[in-house]
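Visitor: Before we look, I would like to ask how the terms used for a structure like this one are justified, term by term.
Guide: Then let us take the structure first and the terms after it.

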Amino acid sequence: MSEAAATPTPPNKPVAPAPKPFAPEDEVTLRESLKRCSPSTFEAAIQFRKTANPDHVPAVVIGVIERFVEPDLRVKLKDADDDLRLIEDLGIDSLTMMEIVILVEDVLQMSINNEELRNLRTVGDVKTFIDCKVRGLPLPKPTKFLPIEHIGSVMPIQPPFLFLNEASVSSTSASGKYKITGQEFFLQGHFKDNPVMPASIMLEALGQLAVLYLLEGAPTEPGKRVSPQTIFFTGCEGVRAHRLCKPGDLLSLSVKPKRMKMPLATFEGAIRVGADKAVIAEEITLTFGFVDIVEAPAPVAAAPAPAAPEPAPAAAPLRAAVNA
Amino acid sequence: MPRVFITGLGFVTSIGNDAATVVDHLRSLRHGLELYPPFQTPDIPCKVVGTIKGFTTDSTDPEDWTFPAAYSIKRELLRSMAPNGLYAHCALLQAVADARLTPPEISNADTGLYAASGGSPYLTHYHHERLQKVGVMRCSPLGIVASIVGTLNFNLVAAFRIQGASCGFSSACASSAHALGFAFDDLVLGRQKRMFIVGAEDGNRDAILPFAGMRTLSLQTDPALASRPFDKARDGFVGTGGATVMVLETEDEVARRGVTPYAEVLGWGQASDGHNVAISHPEGHGSAAAMRLALKASRVEPAEVEYVNAHATSTLIGDVSEARALRAVFGPALPQVAVSSTKALTGHGLSLAGVMESAFCALALRHGFVPGCAHLGTVDPECAGLNLPRQTEARAVRTVLKNSSGFGGANVAVLFRRAA
């Protein structure tokens, strides 16, 4: 005990997990720290502390998050979807986030910097982050949340053919949401008196999310960026539709890059509605190209030159899409 | 100048956790003092405390606390509270219900909250100890707002979505009387239409024991003898905690909402002894000056006052000093003014005392009684001349005065009048 007091852990420095053997008194402290967490959380924590096996970390992290979520929202954590958002879905504010971090630090015997915390938006972010810390891997680039206004401003695809309401993009994946409103023009004829989202459009939506990843998340060469004008579809493999998707359904889309080598990028993609699998694509391949990054054009150049007959603000259809 | 009325009260006190129980204790002069278990060790010479019943707050973890089932408080709110914050939260819910206020009437630019507590020495101690033990970055992110002076207003203003004036007052045992006075001013000046005045204290080991060093705590082991203001054998005060909330509203709001007020607040005064950091002026100069200013501001003659709820805490010097101040202010009218200190029943609530005892005055005005001097045996000759009723008198009084004094020689006096 006096030994531990004499060599305090410097704050904000990652430390190797459990440098000394796990003693019985550590178990007592651990049990006290986790007294409001589920028994499985305690079990995972004790296994981690004894074996330093990082496979136990996700169960500890989810268990700690669960303890700080209001009881009526805890059900959302049951099928721990990595896209589950800490603030919007779980009601966790920044102070609660600190409580979570302090307990995780205490239980896993690690230290976390303030700056490292700012970009953790989803349960998946937290799991990946802690996993990287425990394994000593470089930390992933933070996930960016992109609202519809941002998506509309960067994408070469525009309404009424844009099938993303919002998206989150990191360096390793992208996820997005699209709600089928029933107002989509093609549902008029697909099918007669029976609107069903075409599978080809769902594949298109996954392709659009992959485009967004290339523009916002993909690693580039120094001084270069991916040009929206260079991205096109080349092929897909292993596409299966599992579920009819109809107006009112909220599509949860996700893509992950499998291979990326100029000029081809191959992704795997999936769409779910709630817990149901809707579409799987084993491979979607796009072509892309780089352009040099140039200084941002002067503001004048950004002003739309030709006066449209009905000068509706550019963002209006995008907003409509999000509000629909 | 708009008139100001008391329209709601809430209590978590050693003599009851609702107005009806408090009235019962004030009428029957049953005290709320007990041998306090944490003090029953050889190293602690004082034994008696005005305890809060129905709550347990002895853990440093608010999620371990228990409180009456009538209150449901989310973890999100509880996590940043000190024990006095929990008491005050419950008292505020009572006061809101008592005043029949709707959520929009609580949360608007015209409704404010002034609060007074000594913070939470208990949680301050705990969080500082953790700082040393587990390191700076492993301390609870809410430790600071749960423990420092101001914890009461931080928590209540956020929890009840208060949008008007908010502030904490710190003049020790005069704090919540100051809060009441300045709330009255804000209403009179038209800055606010409604004010909550909150006083609360933890009333536990860490809040009370620091007074032992000053030798101001009673060492009596019999709870019925420990708090005896104005008694010749008194030997110090008995600590207590809990909370009281008072709702003040302008006459326009009272009329608009059609509520029956407890009493009118006529005015207040304050003055300082300019004498000693902790000892009252021997002649009670500051206290007398505060009373005179309150009477003048309220346009009330001393002879109109029928009851004084004294500050008297049962300390040797303080009670005498206040008795001298009362003699000086009331002069020939002194025999007609009933004087008692309800601290004989509750113990001394420190920052809570001013608003708690003002709320007792409001109850006395509404229900028509004058609280008696509990536990008073032989009156200290130094306090001779005061009219100290031994029993609670069932009689309607019209005008009452409340005294409060705190460290540094701060003195506040407030005048109340029966509504209509």
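Guide: This is a predicted model, and we may begin with helix α7(B), whose buried residues are covered by elements of chain B that include α2 (75-78), α3 (83-98), β4 (111-116), α6 (143-147), β5 (166-168) and β6 (194-201).

Visitor: Which residues of α7(B) are called buried, and what makes them so?
Guide: A residue is called buried if 20 or more other C-beta atoms lie within 10 Å of its own, and in α7(B) the residues that meet this cut-off are T151(B), L152(B), N153(B), F154(B), N155(B), L156(B), V157(B) and A159(B).

Visitor: Why is helix α7 of chain B said to be largely enclosed?
Guide: Because eight of the nine residues of this helix, which spans residues 151-159, are buried, it is largely enclosed by the rest of the structure. The helix is followed by R161(B), whose phi is positive, near 55 degrees.

Visitor: Why is the largest nonpolar core said to lie between two domains of chain B?
Guide: Domain 1 (4-257) and domain 2 (267-418) of chain B both give residues to this core, so it lies between them. The core has 129 residues, of which I197(B), V198(B), V245(B), M246(B) and L248(B) touch the most other members, and helix α15 (residues 353-367) of chain B gives the most to it, with ten residues.

Visitor: Which residues are in contact with I197(B), neighbours within four places in sequence left aside?
Guide: They are Y114(B), S176(B), A179(B), L180(B), A183(B), V245(B), M246(B), L248(B) and V355(B), and the word contact applies because C-beta atoms lie within 7 Å in each such pair.

Visitor: In chain A, what makes β1 and β5 the edge strands of the sheet?
Guide: The seven strands form an open sheet in the order β1-β2-β3-β6-β7-β8-β5, with antiparallel pairing, and β1 (144-146) and β5 (232-241) each pair on one side only.

Visitor: How do you know that β5(A) and β8 of chain A are paired?
Guide: Two strands pair if there are at least two bridges between them, and eight bridges join β5(A) to β8 (residues 276-287) of chain A, so the requirement is met. Among the partners, A241(A) is bridged to V279(A) in β8(A).

Visitor: What packs on this sheet?
Guide: Helix α9 (residues 199-216) of chain A does, touching β1, β2 (166-169), β3 (174-179), β5, β6 (250-261), β7 (264-273) and β8 of chain A, and its direction makes about 55 degrees with that of β8(A).

Key
Residues numbered from 1 in each chain as written. Chains lettered and ligands numbered in written order. Predicted model: local features only at pLDDT ≥ 70, side-chain atom pairs only at ≥ 80, totals over all residues. Core = buried A, V, L, I, M, F, W, Y, C linked by C-beta atoms within 7 Å. Buried ≥ 20, exposed ≤ 12 C-beta atoms within 10 Å, placed from the backbone. Helix = DSSP H or I, 4+ residues; strand = E, 2+ residues; numbered from the N terminus. Domains from an automatic or database assignment. Contact = placed C-beta atoms within 7 Å. Axes fitted to C-alpha atoms, helices over the stretch in contact; angles between N-to-C directions.
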